[in-house]
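Q: Could you take me through one part of this structure up close? I'm new to it, and I'd like to hear about the charged side chains that pair up and what surrounds them.

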Amino acid sequence: METGHRMENGIGNQTILRNEMHLTFDAVSVNEAFARIAVAAFVTPLNPTIEEISDIKTAVSEAVTNAIIHGYDAEYESENPLEEKQQIYLHCLIEEDVLQVEVKDTGKGIENIEQAMEPLFTTKPEMDRSGMGFAFMEAFMDDLEVISTPGMGTTVQMKKKLGITSWIRQEE
């Protein structure tokens, strides 16, 4: 199988076997909308349903918002132009009909991942945070993994199978 991507062009016939995207952007709240729209646009060649697009956008929005608010403490923004900017790293991979999304920050990390993933748990109640971010990611995507090291940052990895064929392939 080829590496990279292969596209078959024809009227209404576009097949992507593998495609990849990397984005890096400042950890500021206005970039949350940019991230979810970028991922939605990236996945459009797979002809997702409106519901699938909505699920993906919601999950990406939650992951990016968590990185900004909790990873970097969004209330802090340096006035020093020489100080290293806080960044969000977004990686998307399409392999056949599966979208993989990775959202990474190099912020303060999560002390207790299991507790952080509990519905309604929040470390920012004063900011009216609902504590449902990970619950939404888990509900709207097919697979969710959270990897975090205190003081080093957090990586959220999500997968979503698009279309109506089975997640588990049958042997022929």
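A: Here is a walk through the salt bridges, followed by the loop beside them. Bear in mind that this is a predicted model, where local features need pLDDT of at least 70, side-chain atom pairs count only at pLDDT 80 or more, and totals for chains, interfaces and linings use all residues. Residues are numbered from 1 along each chain as its sequence is written, and side-chain values use heavy atoms, with hydrogens and water left out.

Some background first: side chains of opposite charge can pair when their charged atoms come close. A salt bridge here is a side-chain nitrogen of Lys or Arg within 4 Å of a carboxyl oxygen of Asp or Glu, and that rule gives a count of 5.

Let's start with Arg18. Its side chain forms a salt bridge with Glu20 at 3.2 Å, N to O. Arg18 also meets Glu95 in a salt bridge, this time at 3.6 Å, N to O. Glu95 sits in strand β2 and Arg18 in strand β1 (residues 18–26), so this pair ties together parts that are 77 residues apart in sequence. Strands (E, at least two residues) and helices (H or I, at least four) are DSSP runs, numbered from the N terminus.

How open are these residues? With a 1.4 Å probe and protein chains only, buried means under 20% relative accessible area, exposed means over 50%, and partly exposed is in between. Arg18 is partly exposed at 26%, Glu20 is partly exposed at 35%, and Glu95 is partly exposed at 35%.

Now over to helix α1, where Arg36 and Glu32 are 4 residues apart, so about one helical turn separates them. Their side chains form a salt bridge at 2.7 Å, N to O. Arg36 is partly exposed at 27%, whereas Glu32 is buried at 14%. Back with the earlier trio, salt bridges that share partners join Arg18, Glu20 and Glu95 into one network.

Last stop: the loop between β2 (87–95) and β3 (98–105), which holds Asp97. Glu96 is found in that loop too. Glu96 has a positive phi of about 55° although it is not a glycine, and it is partly exposed at 31%. Asp97 is buried, with a relative accessible area of 18%. The side chain of Asp97 makes a polar contact with the side chain of Lys161 at 2.5 Å. A polar contact is a pair of N or O atoms within 3.5 Å; within protein, one must be able to donate a hydrogen and the other to accept it, and residues adjacent in sequence count only if both atoms are side-chain atoms.
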